[in-house]
Amino acid sequence: MQLSARHHEYWRKNLRITAFLLGIWFFVTFVLVFFARDLDFKFFGWPFSFWVAAQGALVVYCVIIWYYARYMNKLDKEYGVAEGEE
Amino acid sequence: MSMFGSDNQSQSDFKKGLNKVYTWYTGGFISFVIVLAILEQMGLPRNWIGYLFLAATVLLYAGIGVMSRTNDAAEYYVAGRRVPAMYNGMATGADWMSAASFIGMAGTLYLTGYGGLAFILGWTGGYCLVALFLAPYLRKFGQFTIPDFLGARYEGNLPRLIGVFAAILCSFTYVVAQIYGVGLITARLTGLAFEVGIFAGLAGILVCSFLGGMRAVTWTQVAQYVILIIAYLLPVVWLSVKHTGVPVPQAVYGYTLEKITAKEEQLLKDPKELEVRGIFKARSDAAVEKLKDVPAAMAADKAAAEKKLEDLKASNGAVAEIQAAEAALAKLPTDEADARAAYTSARTSNAARSAPPIRHAQAFPGKDEEAQSIARKNFMALVFCLMIGTAALPHILMRYYTVPSVREARESVSWSLFFIFLLYFTAPALAVLAKYEVYTVLVNTPFASLPEWIGRWNAVDPSLLSVVDINKDGILQLAEISIGGDIIVLATPEIGGLPYVVSGMVAAGGLAAALSTADGLLLTIANALSHDLYYKVLDPNASTARRVMVSKCLLLVVALCAAYVAAQKPADILFLVSAAFSFAAAAFFPALTLGIFWKRANKWGASLGMVAGLAITFYYMITTQPWLYKLAHGTAITPEIIKANTWWDIAPISAGLFGVPLGFAVIIIVSLLTKAPGRDIQELVEHVRYPSLDGKTSGASAAH
């Protein structure tokens, strides 16, 4: 079928949120790790960089995925591409 | 059996039923552990506790397998596509967390400190890529396997067959490691021989996947997740209460880490520790000397051993001592090659033990700027490969075909990571708490009063744990402990002084982790062969019943092959597992993501891209990894060869770092040079991008 302008807009929004969340993912994974030796100030007992790699980044990953699911499930409804209820 | 949904009940009734079943089940498991704990207090022997745990859990999995047996294709391959998001998340968690995660990871963290966190980051962060790039789109596509997607998107059997080959390559190396883990735990739990343990465990795997395919595997994996997570968390919480009074170890172990850091500084300067490390250094130096003239060293060793025996006999030494001296003399290598190997291994192992203990919290240790920057580069490369590999392993991606809708696929990734997070978030805490026990309780204990679990583990396998009074002062120094990573999780209950029933439960948890992953992997291999190779390529007219039959037979054959390979105890099992990630990353990730996000990607681009990615990954491994190098070249690798063959100091474990970008580049370049895919492929891509384009439910499009 022919895609409408609404469809294209939906896909553009999907790409935008994907790129944005990927940016956060990249920052906590690679940027923070790259500077790990410099980020060793104390954080509740842990050196900060150790805490990021052991816990902080994991929490951010969970939030990224949860937020994406929520955002997209809403977007589906808004643009009328949601699946029917079973 | 209606419990796992074969009649026409609605999705919400089905979910309610599941909630009830698994709540009762969890309660049942906890009661079982409590009853065993009471029996232990009343004097039930230890090996009986082991037997009961093994028998009860394996029978349970078998029971679920029997209850959800099926011959229906949709049930067999994708569990009827009605697994609710949360349960699929749990099943994915169990599918994902293997013996390496459950047993190995905390040990790696114990041994390498910050360096081990690469596994934590890589194996969780990869799920972001699954969620953002793959799971919802694959669910919308809605077929049965990953090669299915490649075959449909890239028009033909060539990409499908490359996909089949890659899926088998990474799943098989991975499944061998799981079955090895099953054998190890069964042997430990029951005292059976390792080989018998492998086949006993294999029966537990097969009864489930053989009878009910994906359906049985899914519901068993949920049950296995419950056991493995309880078994992992309980000992850590217990240790944490003991040390800090707080039952949330993840929140407070930062302060324990602080204490360890202080203790490390002390141990680095301790004169007794320095003395022991000095002895190891001297032994290593002696081996280096011997290597300079092997025949002379052999003669000298022989003369020394003979002289010792003579002296003992002359002075009427004890019979045991004389026998030991005779055995030592008989064990001396007789030809030059054996002697050289023995001296080389003495040099490396003694040199390793003469090294000062690592600083647990320090990122990228190294003697100078350059070494530190190499460590950082390799840490990041490993994280990259593990992440991309996570997002490309077929047995994980396949799980997202089993949920009812795109919407639930997205939510399901979220649940998957949450359930995985619970364990991965705890592993670093476990490593730190165990280290604290060893550093503060064990170190400086007189040899005469060491706890008895040390002797027990030493008897299981001296490479897992051995303590020798090197400097003969009667006190245990840290440098005198040689500890293998795999012991940390299994021995934590004993290290913390918990009842034996907890040890039994931890072993049962490890078994659940290994069995669940093995189930998923075997199913992936069997499906790749039966569905993609047999049905789609060789005999497209095969009936459903016949396809399922073929799949079941193949499952049996593959399982036996894997068990056979595992029984040979292949040299470098940890490397094999990590290699599977690099292979999966290089083969699948570029082709799958470009297939969804770039309409222009075509058959030739994808085929050549997958081959190029795999080839370069494989090439890099066989030129730089010692075990593979020896296998391929017949001669042992030397440090000079490694130096010459390494690119940018990247370790062979991260070979996917080269494979993934090359895969992307080849797909893009070749696709642009060849014809664009036709209109129908463009429409297929549009179809997977939108959950619903024309009001149709995805359930209808999936009916197939």
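The exercises below work through a predicted model of two chains, A and B.

Residues are numbered from 1 along each chain as its sequence is written, and chains are lettered from A in the order in which they are written. Because the model is predicted, local features need pLDDT of at least 70 and side-chain atom pairs count only at pLDDT 80 or more, while totals for chains, interfaces and linings use all residues.

**Exercise 1. Confidence**

Task: Find where confidence in chain B is lowest and where it is highest.

Solution:
- Start with the scale: pLDDT is the predictor's confidence in each residue, from 0 to 100.
- Chain B averages 85, and 96% of the residues score at least 70.
- Helices (H or I, at least four residues) and strands (E, at least two) are DSSP runs, numbered from the N terminus.
- The low point is helix 29 (residues 698–702) of chain B, with a mean of 39. The high point is helix 27 (residues 656–673) of chain B, at 94.
- Over residues 695–704 of chain B, pLDDT stays under 50.
- Where pLDDT is low, the predicted coordinates should not be read in detail.
- For the whole model, ipTM is 0.94 and pTM is 0.88.

**Exercise 2. Shape of each chain**

Task: Compare the radius of gyration of chain A with the globule rule, then do so for chain B.

Solution:
- The radius is taken over C-alpha atoms; the rule is 2.2 Å times the number of residues to the power 0.38.
- Chain A has two helices and two strands, in the order α-β-β-α.
- For its 86 residues the rule gives 12 Å, but the radius of chain A is 18 Å, so chain A is more spread out than a compact globule.
- The C-alpha box of chain A is roughly 55 × 25 × 15 Å along the principal axes.
- Chain B has 29 helices and two strands.
- With 704 residues, a compact globule would come near 27 Å; chain B has 27 Å, which agrees.
- The C-alpha box of chain B is roughly 95 × 65 × 45 Å along the principal axes.
- Now burial. A residue is buried if 20 or more other C-beta atoms lie within 10 Å of its own, exposed if 12 or fewer, and partly exposed in between, with C-beta atoms placed from the backbone.
- Buried residues make up 35% of chain A and 51% of chain B.

**Exercise 3. The interface**

Task: Work out which element gives the largest share of the side of chain A that touches chain B.

Solution:
- Two residues are in contact if their C-beta atoms, placed from the backbone, lie within 7 Å.
- By this test, 41 residues of chain A are in contact with 48 residues of chain B.
- On the chain A side, helix 1 (5–34), strand 2 (46–47) and helix 2 (48–78) give two or more residues each.
- Helix 2 of chain A has the largest share, 18 residues.
- Sort the chain A side by type: 29 nonpolar, eight polar and four charged. Here Ala, Val, Leu, Ile, Met, Phe, Trp, Tyr, Cys and Pro count as nonpolar, Asp, Glu, Lys and Arg as charged, and the others, Gly among them, as polar.

**Exercise 4. The largest core**

Task: Identify the helix that gives the most to the largest nonpolar core, and trace contacts within chain B.

Solution:
- A nonpolar core is a set of buried Ala, Val, Leu, Ile, Met, Phe, Trp, Tyr and Cys residues joined through C-beta atoms within 7 Å.
- The largest has 222 residues; A:A53, A:I65 and B:L228 are among those with the most contacts inside it.
- Helix 9 (residues 194–244) of chain B gives the most, 22 residues.
- B:I198 is in helix 9 of chain B. B:I198 is buried, with 23 other C-beta atoms within 10 Å.
- Contacts of B:I198 beyond four places in sequence include B:I179, B:G183 and B:A563. The C-alpha atoms of B:I198 and B:G183 are separated by 4.0 Å, at 15 residues apart along the chain.
- B:L228 touches residues including B:A94, B:F102 and B:A512.

**Exercise 5. Helix 18 and B:T256**

Task: Check the span of helix 18 of chain B, then list what B:T256 contacts.

Solution:
- The expected span is 1.5 Å times one less than the number of residues.
- Helix 18 (residues 427–442) has 16 residues and should span 22 Å; its end C-alpha atoms are 21 Å apart, which agrees.
- Its buried residues include B:A429, B:V432 and B:L433.
- Just after helix 18 of chain B, B:N444 takes a positive phi of about 75 degrees.
- B:T256 lies in helix 10 (residues 249–269) of chain B. B:T256 counts as buried, with 21 C-beta neighbours inside 10 Å.
- Beyond four places in sequence, B:T256 is in contact with B:H243, B:T244, B:V432, B:L433 and B:Y436.
- B:T256 and B:A429 are 173 residues apart in sequence, yet 9.2 Å apart in space, C-alpha to C-alpha.
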